[in-house]
Amino acid sequence: MSTVTVIGAGTIGLGWINLFSAYGLTVRVNSRRPDARRIVREGLELFSPGRADELAARIEYEPDVGRAVAGADLVSENAPDDLPLKQRLFAEIGEAAPDHALVLSSTSKLLPDDLSRDMPGPGRLVVAHPFNPPHIVPLVEVIGGERTDPEAVERAVAFLESVGRTPVVLRRALPGFAANRLQSALLRESIHLVLEGVVTVEELDRIVTDSIGLRWSTVGPFHAFHLGGGPGGLRKWLEHLGSGLEQGWRGLGQPALTPEAVEALVAQTEAAYGDRTYAELVRDRDDRHHAVLAALGRTEQPQEEKK
């Protein structure tokens with residue numbers, strides 16, 4: 001890969017632009033935003049302070065989709081998760097992109113066969129769903145459909161590994177994929193606990209970061225409970241606590257996101273974090289992510305220009 005077209009300069013698109021340019025790729029940005037150059041530059045300065053000039057030198061801008069994907073080796077699509085919009089976009093990409101170009105979608109919920117319905121050469125479209133921020137968090141869920149060429153999935157995995165990601169291929173396409181479904185389950189109970197007055201938003205966040213989040217940064221749920229069973233492992237843990245676990249599931253909350261509930265959640269969140277700007281919060285988050293990855297002996301992007 002040498003030239004990557006990134007479609008969309010929103011939060012996820014900016015992360016990809018930063019990552020791809022940091023790995024020495026030529027990045028062609030396609031965005032409907034008239035101030036795309038300014039937005040990208042600000043994103044580079046926020047995400048890669050001290051390297052913005054270096055990365056910006058690898059970035060081109062082309063507002064026309066057809067011209068943007070012409071000659072590209074890979075297309076990374078990051079438009080809003082609106083199925084008709086994406087179907088029209090992929091139809092245009094399929095017409096204009098070279099036959100060899102790999103096409104990746106960052107959709108967080110839409111299925112690849114639906115996305116490629118009107119696309120010429122649909123076999124090259126693969127969902128590559130990142131976690132925000134994609135230039136730091138390693139995971140990328142890779143999902144193919146019935147119309148996807150297995151070789152395209154293999155190429156997607158190889159490319160993502162080449163830019164420091166951890167691709168995981170899902171064996172079946174399902175709405176929301178895996179990571180978002182896990183995140184949504186935890187968020188549902190988090191909202192329930194806050195709306196029930198058990199804890200505040202800020203306290204809930206502290207509970208997660210100082211317990212589950214800390215644990216999950218080193219071992220996943222099955223690994224953790226395998227250890228929780230002692231020498232008997234997961235089998236002993238499930239045999240001992242399995243019935244109570246099922247009963248606990250039945251008691252989990254199902255909060256309704258009424259306008260009043262939304263206002264309550266937003267008010268508490270703004271009270272907890274509204275004293276800092278978005279840029280300040282992002283830098284703090286990214287610094288913490290960097291520290292965790294460094295402690296785990298992992299790096300998320302090269303710190304100097306690749307030769």
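Phe-177 is a good place to start: at a relative accessible area of 0%, this residue is buried. Its phi is near 60 degrees, a positive value in a residue that isn't glycine. Phe-177 sits in the loop that runs between strand S8 (166–169) and helix H8 (179–195). Keep in mind that all of this comes from a predicted model.

Another backbone oddity turns up at Pro-133. The peptide bond leading into it from Asn-132 is cis, with omega near 0 degrees. Pro-133 belongs to the loop between strand S6 (125–130) and strand S7 (139–143).

Now for the UniProt annotations, which come from an unreviewed entry. The record places a "3-hydroxyacyl-CoA dehydrogenase NAD binding" domain at residues 3–171, a "transmembrane region" at residues 6–27, and a "3-hydroxyacyl-CoA dehydrogenase C-terminal" domain at residues 176–243. Here is how those spans look in the model:

| Residues | End C-alpha distance | Helix | Strand |
|---|---|---|---|
| 3–171 | 29 Å | 38% helix | 21% strand |
| 6–27 | 7 Å | 55% helix | 18% strand |
| 176–243 | 28 Å | 76% helix | 0% strand |

On to the rings. The model has 3 aromatic pairs. One of them joins Phe-20 and Phe-159, tilted, with 5.6 Å from centre to centre and 55 degrees between the planes. This pair links distant parts of the chain, since Phe-20 is in helix H1 (residues 11–22) and Phe-159 in helix H7 (residues 150–162), 139 residues apart. Phe-20 is buried at 1% relative accessibility, and Phe-159 is buried too, at a relative accessible area of 4%. Add Trp-16 and you get one aromatic cluster of Trp-16, Phe-20 and Phe-159.

Phe-225 and Trp-237 make another pair: their ring centres are 4.4 Å apart and the planes meet at 40 degrees, so this one counts as tilted. Phe-225 comes from helix H10 (residues 221–228) and Trp-237 from helix H11 (residues 233–250), so the pair ties together parts 12 residues apart in sequence. The two partners differ in cover: Trp-237 is buried because its relative accessible area of 15% falls under 20%, whereas Phe-225, at 31%, is partly exposed. Phe-225 has a charged neighbour as well, with Arg-215 lying over the face of its ring, 5.9 Å from the ring centre.

Last stop, the surface. Leu-257, Val-262 and Val-266 make a nonpolar patch of about 240 Å². Val-262 is part of helix H12 (residues 259–273). With a relative accessible area of 35%, Val-262 is partly exposed, so it clears the over 30% cut-off for patch residues.

Conventions:
Residues are numbered from 1 along each chain as its sequence is written. This is a predicted model: local features need pLDDT of at least 70, side-chain atom pairs count only at pLDDT 80 or more; totals for chains, interfaces and linings use all residues. Side-chain values use heavy atoms; hydrogens and water are left out. Patches are made of residues with over 30% relative accessible area and no salt bridge: like charges are joined within 9 Å, nonpolar side chains (Val, Leu, Ile, Met, Phe, Trp, Tyr) within 5 Å. Accessible areas come from the Shrake-Rupley method with a 1.4 Å probe; for residues, only the protein chains shown count as cover. A salt bridge is a side-chain nitrogen of Lys or Arg within 4 Å of a carboxyl oxygen of Asp or Glu. Helices (H or I, at least four residues) and strands (E, at least two) are DSSP runs, numbered from the N terminus. Buried means under 20% relative accessible area, exposed over 50%, partly exposed in between (1.4 Å probe, protein chains only). UniProt positions are given in the numbering used here, feature names are shortened, and annotations may be inferred rather than shown by experiment. Rings of Phe, Tyr and Trp (its six-membered ring) pair if their centres lie within 6.5 Å; planes under 30 degrees apart count as stacked, over 60 as edge-to-face and the rest as tilted. A charge sits over a ring if NZ of Lys or CZ of Arg is within 6 Å of the ring centre and within 35 degrees of the ring normal.
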